[in-house]
Amino acid sequence: MAHASQAVKNIAVTGAAGNIAYSLLWRIASGEVYGPDTPVALRLVDIPDALRAAEGVAMELMDSAFPLLRGLTVTDDLATAFDGVSAAFLVGAKPRTKGQERGDLLAANGTIFGPQGAAINAHAAQDVRVVVVGNPANTNALIAQQAAPDVPAERFTALMRLDHNRALAQVAQKLERPSAELEKMVVWGNHSATQFPDLSYATLAGEPVADRVEEAWYREEFMPRVAKRGAEIIEVRGRSSAASAASAAVDHMRDWVQGSRGWATAAVVSDGSYGVEEGLVFGFPTVAREGRWEIVQGLDLSEFQRQRIAANVAELQQERRAVAHLLAG
Ligand code: NAD
Ligand code: LMR
């Protein structure tokens, strides 16, 4: 018989009837985020038109008989959705289709995140952690964070772990070694094609990766491959990534709660590190320790790195201008 000794953690997942949630909910219910001793209660959140489908998802979760699953609520009401939640996965939003950039979704998706941020501000538990998955994730996270003035800004993040995992996978494949041997990977900036997957500090079994790959592969194959992997998946699969996105979201939240194994990329609210304007939600090299993401400090940046980081800052400033009407203050 499974013994769960801790208090139940309430966890909200928006877009509960969608593709990503169909994988994500099972991973959370199995205990991957809070560990094997913590029971969880899930809030499945969607819009009215999708509530019946979300009910079906809840039925399937029930039928999975997870020992740690202690509650299932399906709702379109934001106060109910976020009441007492310790974790919120803000997934619900339109995906892009072939030929679109993620930024093209701002007009359609931006309005979703202010009300959700406000509801988190009003109803969530004190230890709430938010990860925005819905695109464009960084600016949507900014919108949600600005709508939650009473929640510490560091509690709002956007998902860039998928980009990080893609970068690990490309190097692992190139060097024919397991990704577990790689450390100090980072993808700076925006979850967009402008992102900067950076191998400057990466090591394989302790040795610099940069010594083992050609510069041309790094700049002309690796960087665009990782940055455009989302579009490649849409092209090949016919729909945007779902299980890999869910897996990355679990990695992100689990590490945040339980600690990371070395560096992991998280998009966090900038404190001005590395010249990134304070307040932007930006992918940094981070370490999760004692329940917090800490930006790795003291890295030397080359001119090339500075330029790539600056391009991401400029893009996020431009996205922020485009949603100025949705931002608090
Ligand atoms: P999907 O279309 O399969 O599902 C989206 C779900 O969100 C639907 O059930 C829809 O009804 C729901 N929804 C829409 N508006 C909502 C709202 N206001 N409140 C609650 N739910 C709402 O899409 P998907 O494949 O699950 O992708 C969801 C989002 O995640 C998309 O924006 C996609 O681009 C993004 N995404 C991000 C990453 C990342 O790494 N950040 C990776 C993959 C996908
Ligand atoms: C991804 O990176 O797979 C997602 O952001 C979906 C997309 O539109 O690329």
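# Notebook: pockets, a cavity and two ligands

I began with enclosed space, and I found that about 50 Å³ lies in the largest cavity. I should say early that I am reading a predicted model.

**Entry 1: the cavity**

I counted the cavities of 30 Å³ or more, and the count came to one. Next I asked which residues line the largest cavity. They are Asn138, Thr139, Leu142, Leu280, Val281, Leu316 and Arg320. I then looked up the elements that give two or more residues to this lining, and I noted helix H5 (137–146) and helix H10 (303–322). H5 gives the most, with three residues. I sorted the lining of the cavity by class and got four nonpolar residues, two polar and one charged.

A reminder to myself: rolling a probe the size of a water molecule over the atoms shows where empty space is left.

**Entry 2: the largest pocket**

I turned to the open space and wrote down a volume of about 950 Å³ for the largest pocket. It is lined by 42 residues, and those closest to its centre are Val91, Gly92, Ala93, Lys94 and Pro95. The elements that give two or more residues to the lining are helix H1 (19–29), helix H4 (106–123), H6 and H8. Which element gives the largest share of this lining? I found that H4 does, with five residues. By class, I read 18 nonpolar, 16 polar and eight charged residues in the lining of the pocket.

**Entry 3: ligand 1**

I wanted to know where ligand 1 sits. I found ligand 1 in the largest pocket. I listed its neighbours next: 24 residues surround ligand 1, and the closest are Asn19, Asp46, Lys94, Val133 and Asn135. H1 and H4 each supply at least two residues of this shell. The shell around ligand 1 divides into twelve nonpolar, ten polar and two charged residues.

I looked at backbone contacts of ligand 1 as well. A polar backbone atom of glycine 15 is 3.3 Å from a nitrogen atom of ligand 1. For glycine 18, a polar backbone atom is 3.4 Å from an oxygen atom of the ligand. At alanine 93, I noted 3.5 Å between a backbone N or O atom and an oxygen atom of ligand 1. On its own, ligand 1 has 870 Å² of accessible area, and the protein covers 86% of that.

**Entry 4: ligand 2**

I repeated the search for ligand 2. Around it I found Arg96, Arg102, Asn135, Leu162, Arg166, His191, Gly230, Ile234, Ser240 and Ser241. By class, this shell has two nonpolar, five polar and three charged residues.

Which side chains have a polar atom by an oxygen atom of ligand 2? I wrote down three. Histidine 191 has a polar side-chain atom 2.6 Å from an oxygen atom of ligand 2. In arginine 166, a side-chain N or O atom is 2.7 Å from an oxygen atom of the ligand. Serine 241 places a polar side-chain atom 2.7 Å from an oxygen atom of ligand 2. The protein covers 94% of the 260 Å² of accessible area that ligand 2 has on its own.

Where does ligand 2 sit? I found ligand 2 in the largest pocket. Helix H6 (161–175) and helix H8 (229–237) are the elements that give two or more residues to its shell.

**Entry 5: looking back**

I put my notes on the two ligands side by side. Ligand 1 sits in the largest pocket, and ligand 2 sits there too. I also see Asn135 in both lists, among the closest residues to ligand 1 and among the residues around ligand 2.

Technical notes: Residues are numbered from 1 along each chain as its sequence is written. Chains are lettered from A and ligands numbered from 1 in the order in which they are written. This is a predicted model: local features need pLDDT of at least 70, side-chain atom pairs count only at pLDDT 80 or more; totals for chains, interfaces and linings use all residues. Side-chain values use heavy atoms; hydrogens and water are left out. A residue is near a molecule or strand if one of its heavy atoms lies within 4 Å of it. A polar contact is a pair of N or O atoms within 3.5 Å; within protein, one must be able to donate a hydrogen and the other to accept it, and residues adjacent in sequence count only if both atoms are side-chain atoms. Accessible areas come from the Shrake-Rupley method with a 1.4 Å probe; for residues, only the protein chains shown count as cover. On a 1 Å grid over the protein atoms alone, a cavity is a set of points where a 1.4 Å probe fits but cannot get out, and a pocket is an open set with protein on both sides within 12 Å along at least five of seven lines; lining residues have an atom within 4 Å of a point. A molecule sits in a cavity or pocket if more than half of its atoms lie within 2 Å of its grid points. Helices (H or I, at least four residues) and strands (E, at least two) are DSSP runs, numbered from the N terminus. Ala, Val, Leu, Ile, Met, Phe, Trp, Tyr, Cys and Pro count as nonpolar, Asp, Glu, Lys and Arg as charged, and the others, Gly among them, as polar. Grid points are joined across faces, edges and corners, and a volume is the space filled by probe spheres set on the points.
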